[in-house]
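Please work through the following exercises with the structure at hand. Each task is followed by a solution in steps.

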Amino acid sequence: MSSIDWIVLILTLLSIVAYGIYKSKNVKTIDGYILSDRSLPWYTVGLSVMATQASAITFLSAPGLAYTSGMSFVQFYFGLPLAMIVLCVTFIPIFHKLKVYTAYEFLEKRFDVNTRVLTASLFLIQRGISTGITIFAPAIILSSVLHVDLTLTTLGIGSLVVIYTVYGGTKAVSYTQLLQMGIIFAGLLLAGILVVHLLPTNIGFRDALHIAGKSGKTNAIDFKLDLSNQYTVWTGLIGGFFLQLSYFGTDQSQVGRYLTGASIKESRMGLLMNGLLKVPMQFCILLIGILVFAYYQYHTPPLFFNEAEVNKLEQSEHREAYKGIMQKHEQISQEKTLVIQNLTNALDQDDETKVDGIRSQLQEYNNQEKVLREDLVKLMKKNDVEADTNDNNYIFLRFVIDVFPKGLIGLLIAIIFLASMGATASAINSLSSTTVIDIYKRFVKKGADDAHYLLASRISTLCWGIFTVIIALYANKLGNLLEAVNILGSLFYGTILGIFLVAFYAKSISGRAVFIAAIITEVIIISLWKLDIMAFLWLNPIGAALVILFGFLIQADLPKRAV
């Protein structure tokens with residue numbers, strides 16, 4: 001990166017941290033620290049909710065996912081607007097009426113303390129691990145740009161987020177997210193325009209989409225009912241609905257965001273805003289990945305996007321074999337570019353017969369590149385058995401660093417940092433809130449004054465920050481980070497949602513019955529995931545349904561056992 005990029009990056013990050021500390025300087029109570037005195041307007045609530053979900057993983061992995069697999073991932077969010085409506089009608093009024101700090105307080109009122117602790121514990125496990133992954137994502141950036149050890153960049157980024165989160169709590173998180181999302185929206189628009197601008201002069205936006213489409217990258221909708229397919233309309237509408245309902249309705253990292261609303265109306269409007277904007281935003285992020293794919297049809301792309309791993313190979317005893325692979329790659333890429341130009345001309349002439357013939361040629365070149373890439377990966381593993389051979393998370397990053405002009409590289413990297421900071425800060429804050437309210441205040445130190453719990457919250461925030469950084473140090477083994485986070489959530493969210501649905505709608509089921517049902521369900525869900533017999537999104541509705549089913553069955557059996 002140039003000195004201009006560094007100035008842009010550092011000034012953007014420092015201004016965000018300073019703004020968060022300034023806006024939260026008057027936080028003196030536990031209510032202010034955890035829920036920002038329940039005083040925020042709907043637009044701050046809405047942007048805070050969006051920023052919590054849209055981590056750096058979104059901006060790193062989603063374009064890479066679109067580049068390699070196409071637009072189908074957008075279907076993952078189809079159930080989100082429906083989930084927002086259900087939450088606005090049911091969850092929000094109940095949480096506001098009870099004046100709870102966390103979602104899990106409600107469960108003790110409805111069931112018992114065991115169910116509250118179980119649910120809070122499931123949340124702490126999955127959110128603590130997934131937060132580590134959100135810290136790791138931007139650490140990749142610094143490691144690649146600075147060519148320094150990934151451990152050092154992970155420690156640095158984690159420390160930066162923890163500083164203002166420990167100091168200002170939810171108020172610092174919410175106000176920084178408001179500013180972060182404004183910068184992120186502007187940056188995404190700029191990135192999309194710039195990618196189109198960098199295409200050859202005779203290739204426009206429409207042509208780029210045609211080229212990507214003929215390569216099978218623009219198929220965003222799939223109506224097939226296939227349980228093994230991760231992304232279809234049905235997995236999005238059904239599995240995605242249950243996942244989003246559980247995430248926004250029972251995950252404290254999100255519940256804590258909309259409980260800061262000044263009223264039920266403000267919280268509802270904030271969630272509806274998220275429901276309306278999230279799908280278009282995700283579509284645009286994936287579209288950027290498609291445009292990057294189109295760009296590389298006219299320019300030689302890296303055969304492997306993780307530059308650090310490539311550099312190791314170049315300096316090894318296998319460098320001659322590596323050079324041979326890259327020479328073949330360069331030759332294939334040049335020949336493929338000529339085919340792409342012929343395809344562009346055929347599309348302009350609406351010559352479908354010619355298009356079909358060229359499409360077959362294009363597929364042949366893609367297969368040759370795939371074989372070369374497999375040879376390169378084998379060579380990497382031969383050189384280093386522990387080499388990271390999944391470069392999906394590096395695709396957009398490498399494109400930005402190699403192609404974008406000075407100044408804009410710093411801005412785009414700052415955007416990815418800001419996304420990570422917002423999501424990580426919310427998560428650490430929610431982990432601390434749950435620990436203090438649901439465990440420490442309930443079992444360890446009852447009846448202490450407000451100052452004591454405020455101090456305990458800050459100490460808990462610091463401890464969780466350290467824990468998530470430790471998790472981040474091992475996150476490079478998880479493949480595509482976006483999918484890793486969603487899979488991890490799906491192992492727990494169905495069970496947690498089932499507990500809350502029973503609490504809201506099945507008044508006849510007791511705490512003991514739902515507690516046993518949840519434990520049985522969690523064992524089944526993890527077993528199904530291990531067997532790998534269905535797409536992970538289906539684990540969410542199955543988990544919720546099993547908790548309800550087992551809850552009724554166990555409750556029916558309890559009177560017999562009592563006799």
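The exercises below concern a predicted model and treat aromatic pairs, charges over rings, one buried arginine, a cavity and one buried alanine.

**Exercise 1. Classify the ring pair of Tyr 104 and Phe 500, and state which parts of the chain the pair ties together.**

Solution.
- Step 1. A pair of aromatic rings is described by the distance of the centres and the angle of the planes.
- Step 2. For Tyr 104 and Phe 500, the centres are 6.3 Å apart and the planes stand at 65°. Planes over 60 degrees apart count as edge-to-face, so the pair of Tyr 104 and Phe 500 is edge-to-face.
- Step 3. Tyr 104 belongs to the loop between helix H6 (91-98) and helix H7 (105-110), whereas Phe 500 belongs to helix H20 (residues 481-505); the pair therefore ties together parts that are 396 residues apart in sequence.
- Step 4. Tyr 104 has 0% relative accessibility and counts as buried. Phe 500 is likewise buried, its relative accessible area being 0%.

**Exercise 2. Extend the analysis to the pair of Phe 500 and Phe 504, and name the cluster that ring pairs form.**

Solution.
- Step 1. The pair of Phe 500 and Phe 504 is tilted, with 6.3 Å from centre to centre and 50° between the planes.
- Step 2. Helix H20 holds both Phe 500 and Phe 504, which are four residues apart, about one turn of the helix. Both residues, Phe 500 and Phe 504, are buried.
- Step 3. Ring pairs join Phe 500 and Phe 504 with Phe 91, Phe 95, Tyr 104, Phe 106, Phe 123 and Tyr 505 in a cluster.
- Step 4. Over the whole structure, the search yields 25 aromatic pairs.

**Exercise 3. Identify the ring over which the charged end of Lys 441 sits, and do likewise for Arg 442.**

Solution.
- Step 1. For Lys 441, the ring is that of Tyr 453, and the charged end sits 5.2 Å from the ring centre.
- Step 2. For Arg 442, the ring is that of Phe 443, with 5.2 Å between the charged end and the ring centre.

**Exercise 4. Describe the surroundings of Arg 116.**

Solution.
- Step 1. Arg 116 is placed in helix H8 (residues 113-146).
- Step 2. The relative accessible area of Arg 116 is 5%; buried means under 20%, so Arg 116 is buried.
- Step 3. With neighbours within four places in sequence left aside, Arg 116 is in contact with Tyr 104, Glu 105, Leu 107, Glu 108, Ile 437, Asp 438 and Arg 442.

**Exercise 5. Characterise the second largest cavity by its volume and its lining.**

Solution.
- Step 1. The count gives three cavities of 30 Å³ or more. The second largest cavity has a volume of about 50 Å³.
- Step 2. Its lining consists of Phe 59, Pro 63, Leu 188, Ile 285, Ile 288, Phe 396, Leu 412, Ile 415 and Ile 416.
- Step 3. Two or more lining residues come from each of helix H4 (56-69), helix H13 (264-295) and helix H18 (408-444). H18 gives the most, with three residues.
- Step 4. By class, the lining of this cavity has nine nonpolar residues, no polar and no charged.

**Exercise 6. Determine whether Ala 456 is buried or exposed, and list its contacts.**

Solution.
- Step 1. Ala 456 is found in helix H19 (residues 450-472).
- Step 2. The relative accessible area of Ala 456 is 13%, so Ala 456 is buried.
- Step 3. Not counting residues up to four places away in sequence, Ala 456 touches Val 436 and Tyr 440.
- Step 4. Ala 456 and Ile 21 are 435 residues apart along the chain, and 19 Å separates their C-alpha atoms.

Technical notes. Residues numbered from 1 in each chain as written. Predicted model: local features only at pLDDT ≥ 70, side-chain atom pairs only at ≥ 80, totals over all residues. Heavy atoms only, no water. Phe/Tyr/Trp six-rings, centres within 6.5 Å; stacked < 30°, edge-to-face > 60°. Buried < 20%, exposed > 50% of the residue type's maximum accessible area, 1.4 Å probe, protein only. Lys NZ or Arg CZ within 6 Å of the ring centre and 35° of its normal. Contact = heavy atoms within 4.5 Å. 1 Å grid on protein atoms, 1.4 Å probe; cavity = no way out; pocket = protein on both sides within 12 Å on 5 of 7 lines; lining within 4 Å. Points joined across faces, edges and corners; volume = space filled by probe spheres on them. Nonpolar A, V, L, I, M, F, W, Y, C, P; charged D, E, K, R; others polar.
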